[in-house]
Amino acid sequence: MTAPTTPQPSVASAEFQRVATSLARQGLMRHLGAELRRAEPGLVEIWLPYSDKVTQQQDGFHGGAMGALADIAGGYAGLTVVDEGMEVVTAEYKINFLGSYQGGALRAIGRVVKPGKRLIVTTAEVTHVADDGKEGPCALMQQTLVPVPKNY
């Protein structure tokens with residue numbers, strides 16, 4: 001089943017293109033099926049559809065998948081506020097798991113709380129979106145990012 005969709009930008013912004021290009025280079029996110037839905041300065045939204053690649057032993061979304069999705073959404077929110085030629089890496093994050101669900105998809109929205117030249121602080125909220133559109137909380141994350149030169 002396909003998760004509910006959000007509108008795609010009709011003309012992709014520079015932030016959207018930058019995040020999409022970087023996301024396409026991430027083998028883990030490609031493997032899991034992550035989908036970029038929105039990118040604007042200081043905010044990124046990424047969805048992860050339910051599949052056997054992201055489940056734990058009771059068939060709910062695995063906490064590792066939730067953590068990876070939160071990390072990537074927060075990280076890409078940070079990427080939207082650094083200069084061209086720079087990227088970000090995660091120095092640390094703290095996550096609270098609130099629930100695990102089956103089916104549908106996870107939606108992670110990353111937001112920049114405090115941009116900076118040496119450190120960037122972000123948050124990400126992970127929500128389950130069922131096939132019928134019903135939503136439930138999955139995880140909350142706070143993250144510290146470090147800007148680094150792009151090396152590719």
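Author: Let's start with a word we'll need: a residue is buried when its relative accessible area is under 20%. Keep in mind that this is a predicted model.

Reader: Okay, which residues of helix α1 are buried?

Author: Helix α1 covers residues 14–24, and its buried residues are Phe16, Arg18, Val19, Ser22 and Leu23. They sit on the same side of α1, because they cover an arc of only 165 degrees around the axis.

Reader: And what do the buried residues of α1 pack against?

Author: Two helices, α2 (27–32) and α3 (63–79), plus the strands β1 (35–40), β2 (43–49) and β3.

Reader: There's an arginine on that list. How should I read a charged side chain like that?

Author: Look for a partner: side chains of opposite charge can pair when their charged atoms come close. Here, Arg18 and Glu84 form a salt bridge, with N and O 3.9 Å apart. Glu84 lies in the loop between α3 and β3 while Arg18 is in helix α1, so this pair ties together parts that are 66 residues apart in sequence.

Reader: Are those two partners buried or exposed?

Author: One of each. Arg18 is buried at a relative accessible area of 17%, whereas Glu84, at 65%, is exposed.

Reader: How many salt bridges are there?

Author: The count is four. Among them is the pair Arg37 and Glu35, whose closest N and O atoms are 2.8 Å apart. Arg37 is buried, with 6% relative accessibility, and Glu35 is partly exposed at 31%.

Reader: What about Arg38, which residue does its side chain meet in a salt bridge?

Author: Glu45, at 3.0 Å from N to O. In this pair the arginine, Arg38, is partly exposed at 31%, and the glutamate, Glu45, is buried at 5%.

Reader: Now a trickier case. Why does buried Glu87 have no salt bridge?

Author: Check the distance against the cut-off. A salt bridge needs a Lys or Arg side-chain nitrogen within 4 Å of a carboxyl oxygen. For Glu87, the nearest side chain of opposite charge is Lys150, and that is 5.0 Å away, so the cut-off isn't met.

Reader: Which side chain does Glu87 join in a polar contact, then?

Author: That of Tyr152, at 2.6 Å.

Reader: And where does Glu87 sit?

Author: In strand β3, which spans residues 86–97. Setting aside neighbours within four places in sequence, its contacts include Ser22, Leu79, Val146 and Pro147, as well as Lys150 and Tyr152. Ser22 is also one of the buried residues of α1, so look there for a link back to where we began.

Note on methods
Residues numbered from 1 in each chain as written. Predicted model: local features only at pLDDT ≥ 70, side-chain atom pairs only at ≥ 80, totals over all residues. Heavy atoms only, no water. Helix = DSSP H or I, 4+ residues; strand = E, 2+ residues; numbered from the N terminus. Buried < 20%, exposed > 50% of the residue type's maximum accessible area, 1.4 Å probe, protein only. Lys, Arg positive; Asp, Glu negative; His and termini not counted. Polar contact = N/O pair within 3.5 Å; in protein donor to acceptor, adjacent residues only side chain to side chain. Contact = heavy atoms within 4.5 Å. Arc of directions from axis to C-beta.
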